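Q: Could you take a close look at one part of this model for me, the helix packing, and then work outwards from there? I'd like to follow it on screen as I read.

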Amino acid sequence: MSEKTVAIKSRNSGMMRDALVRLFRNKAAILGLIIIVVLILSAIFADIVSPFSYDEQDLRQRFLAPSAEHFFGTDEYGRDIFSRIIYGSRTSLLVGAISVTISSGIGTILGAISGYYGNRVDNIIMRLIDVMLAIPNILLAISIAATLGPGIVNVMIAVGISSVPGYARLVRASVMSLRDQEFIEAARSIGANDARIILRHILPNCMAPIIVQATMSIAIAILSAAALSFLGLGVQPPMAEWGSMLSNGRAYIRDYWWVVTFPGVAIMSTVFAFNLFGDGLRDALDPRLKQ
Amino acid sequence: MRDKLLEIKKLKVIYSTDGKVVEAVNHIDLEIHKGEALGLIGETGAGKTTTALSILNLIPNPPGKIVEGEICYNGQNLLKLSQKEMRAVRGNKISMIFQDPMTALNPVMTVGDQIAEVIRLHQKMPRNEAYIKAQEMLETVGIPGNRLKDFPHQFSGGMKQRVVIAISLACNPELLIADEPTTALDVTIQEQVLDLMEKLQKEFNTSLLMITHDLGVVAEVCETVAIMYAGEIVEYGTIEQVYNDTKHPYTRGLFDSIPKFHEDVKRLKPIKGQMPNPAHLPVGCNFADRCPDVMPKCRESEPVVIDVGQNHLVKCYKYVDGGDQA
Amino acid sequence: MSTLLEVKNLKKHFKTPNGLLHAVDGVSLKIETQKTLGVVGESGCGKSTLGRTIVHLLPKTSGEIYFEGNDITNINKADLKALRPNMQMIFQDPYSSLNPRMSVFQTISEPLIINRVETDRSKLTKRVFELMDIVGLSSDLANSFPHELDGGRRQRIGVARALALKPKFIVCDEPVSALDVSIQAQILNLMQDLQDELGLTYLFITHDLSVVKHISDDILVMYMGKMVEYTSSAQLFKNRLHPYTKALLAAVPIAEVGAKKERSLLKGEISSPVNPKPGCRFASRCAHAKDKCRTEEPLFEAVTEGHYVACHYVKEINQL
């Protein structure tokens, strides 16, 4: 009675398990993952971890150099830069995560529809995407943010929408290559409708590149958000955000190096970590890409 | 007896990936004489292509590695040659035809450039002479010489395979290795290509190693045949010996598996089961689990290769001591 | 014997950048219940397109299709959904015909879920295991994914998926050509057993003449979208009449020593039927072609009882 002994697992396991094994063998990816985990933890527990509050001003202690009390020194209002960087990770990670969710969601839907139906639908969607691609990413984000007005939510929307084209193109390409596979025909021959074919058969098979792209673009989103804040279109004071910290500190760069260096290092290492992890994910999910 | 051109002795090739070691080719011996056409038959994963790539020392390393054995070409061990010396052999003395003519040609080079390239690589020859030679080669394989400046996409599948053959024969190699050269082609085109290969092989007195899964193709083109199973050669002899006096149960199974063209068979007799996982080969004979004639000792130790008469070699316990099966 | 499927003058044309591709150009056929019709031809002859058009995976250009006597040519969406379970398909490539992200269980159960055949979870599970048993897959493979299995087992999954809806008619598109010979024989035997046990009717598409001879009752030979010869399997192999069929059969390498030394080389290559010229499509490669062949299309007609050939000079060539 072997029938009874076989429990039916409902979701994928084999392929994902293999991918995880490969991922954990990649040291660079693990380094990236560790940095990301530390960032996430410090963002969540910012209240506990940081020695000061992000908006705690002490004008008598302006521009203090890094010391045991203020690890990264203080800024022009005497706020603790270390604490502001920790609080800033909240904003940055949130902006990164949400804007990537927006862009990958919209991009995937558009790309899937475009690639699956082809012809006129494809033409309309892709020309729209081409128009968006014709405008430099950051310029598009600036104009969207400028239209919507400054603020953290608008930054997320601006950054999210500006990177939709990348996903749409990526998903469209993989959908088109999958569309002619025999298993899609097989699904049609057993009576599956378009929605089921797209959701059950096509999208799960193009998840790997989407996941990789998302990880990589979290880094880009964080940079874009920082750039918007740097231009004054993003997060408003006194909220801590790495880009605006850079922007505010740039006037003092000659005399007080730490005011800009530490936010810069924070951005750099976060972007670096996401890129490392994204690279590792790509190799793990699609071992054929790596020779 | 003709002179020995190539002799493979106790070749063993392993692939190691993710900590698993796969013995792709396990102690095989093969001989090819001058002008001989040897067929190497086996199913997917039997180690045919690995054997071919070993001869040219083209095993991708990592993950592959030749761990034992010798490949003697005119008495010289190819495995001992430096990369530079080996490059002088490839495409010149020994050349290879790959299965898929669609991917074997560079799409952005004209076929003339591709044929001339191999000639100029191996023979110090001025450019224009190489092109004249290239044109001759095209005509030899039955393509009009004026198509020299055409790109691969302007040719059909059968024509492309002819171009591939022209490239591989351009330097008059002594040995031609053909890895499933007609599998991607339609039967009527396959017929043309086989005919061409046979003609050219006779004309240039080239030795041929024909790798295929098709018993019919070997019957048409080859004189001797080796049957491979799970990295080993299980039966080896002339076409007549192996086809008319089949000894090994696996070879027997292969013949029983193909639908007969000239007689009516209601039901095929397939070989039961699947090829063993190459990472976990069984103790004893690799074919034991699928063999209709399996004996207890087949599962205990590996049979040795024995000569059942006039160099008809079989690796099976059935024929040890004149056969002691029930 | 009743006729299960009848196709009359079916055409399927595709628009291509170079012109109109006449992939299937006027094919008529009839398959009796529980019989197998083999369709042979080389690549580009339209055999796969024919199969897909019959089961409505591709829309036809013109022609009529009858299933169990009912005209299903211009069937609407709802009726097609009801008809689907009766007409299934087994695909060529056991690698690309299975969704790599779905387990064996998910793949086999999908048709049952989509068509709401089994809504009860335990009955569904039971039915899937039953199907796996029928095609000879051990039940502990239920959670395996296609990439973990070899070609033969994958093709068994494809067969189980096609059988799930208890079809009467299955189009088999080169179901064994991607498999090794020893596995090919296993699948061929399985398909014959299933035909006997479940009363299936097959349209068996292949380029392999030995396979088609083995499995078919009747055989249709196609060339560039056209029917060339159509007769019983036994008759075709004993007494083929069309020059193309003769060349095709003569080209098959036989696994016997000295089986054949005469090569009846067919000159030229197969071109694709884009904007085909008038006349016989085989004329440019045919050794017997005369002027008439290049201008006038031969009719597809019975030469002897139940033996149809499209050739102007079939009588002369065969001294009939």
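A: A bit of vocabulary to begin with: a crossing is called right-handed if the near helix is turned clockwise from the far one by less than a right angle, and left-handed if the turn is anticlockwise. By that rule, helix 5 of chain C makes a right-handed crossing as it passes helix 6 of chain C. Keep in mind that this is a predicted model.

Now the geometry of that pair. The axes of helix 5 and helix 6 (residues 181-198) of chain C are 10 Å apart, and the angle between the two helices is about 20°. Angles under 35 degrees count as roughly parallel, so helix 5 of chain C and helix 6 of chain C are roughly parallel to each other. If you want to see the contact itself, light up G151(C), G152(C), Q155(C), V159(C) and L163(C) on helix 5 of chain C, then I183(C), Q186(C), I187(C), L190(C) and L194(C) on helix 6 of chain C. By class, the residues of this contact come out as 6 nonpolar and 4 polar, with no charged ones.

Follow the chain out of helix 5 (151-163) of chain C and you get into the loop that leads to strand 7 (169-173), where K166(C) sits. K166(C) has a positive phi, near 50°, and is not a glycine. For background, most residues other than glycine have a negative phi. K166(C) counts as exposed because it has 11 C-beta neighbours inside 10 Å.

Elsewhere in chain C, strand 1 (residues 3-16) and strand 2 (residues 19-32) pair in the antiparallel sense, with 11 bridges between them. One spot to look at is V7(C), which stands opposite L29(C) of strand 2 of chain C. The link from strand 1 to strand 2 of chain C is a hairpin of 2 residues.

Next, zoom out to the partners of chain C. There are 2 pairs of chains in contact, and chains B and C share the most contacts. That contact involves 37 residues from chain B and 32 residues from chain C. On the chain B side, helix 6 (157-169), helix 7, helix 8 (215-221), helix 9 (239-244) and helix 10 (249-257) each supply at least two residues. Helix 7 of chain B gives the largest share of that side, 7 residues. Sorted by class, the side of chain B that touches chain C holds 17 nonpolar, 12 polar and 8 charged residues.

Helix 7 (187-204) of chain B also leads into something worth a look, since the loop between helix 7 and strand 8 (207-212) of chain B contains N205(B). N205(B) is another residue that is not a glycine yet has a positive phi, about 55°. With 12 C-beta neighbours inside 10 Å, N205(B) counts as exposed.

Chain B also has an open sheet of 4 strands, in the order 2-1-4-5, with antiparallel pairing. Strand 2 (20-33) and strand 5 (76-77) of chain B are at the edges with a single partner strand each, so one side of each has no neighbour in the sheet. Strand 1 (residues 4-17) and strand 4 (residues 64-73) of chain B run antiparallel and are joined by 8 bridges. I8(B), for instance, has I71(B) of strand 4 as its bridge partner. Packing on this sheet is helix 1 (residues 48-55) of chain B, which touches strand 1, strand 2 and strand 4 and points at about 65° to the direction of strand 2 of chain B.

That leaves chain A, which puts 22 residues in contact with 30 residues of chain C. Helix 1 (2-5), helix 2 (14-24), helix 10 (182-189) and helix 11 (194-202) of chain A are the elements that give two or more residues to that side. The largest share, 6 residues, comes from helix 10 of chain A. The side of chain A that touches chain C divides into 8 nonpolar, 8 polar and 6 charged residues. Chain A and chain B, on the other hand, do not touch, and their nearest C-alpha atoms are 9 Å apart.

As for its make-up, chain A has 14 helices and 0 strands. Of its 291 residues, 43% count as buried.

Methods: Residues numbered from 1 in each chain as written. Chains lettered and ligands numbered in written order. Predicted model: local features only at pLDDT ≥ 70, side-chain atom pairs only at ≥ 80, totals over all residues. Buried ≥ 20, exposed ≤ 12 C-beta atoms within 10 Å, placed from the backbone. Contact = placed C-beta atoms within 7 Å. Nonpolar A, V, L, I, M, F, W, Y, C, P; charged D, E, K, R; others polar. Axes fitted to C-alpha atoms, helices over the stretch in contact; angles between N-to-C directions. Parallel < 35°, antiparallel > 145°, perpendicular 65-115°, else oblique. Pairing = 2+ DSSP bridges.
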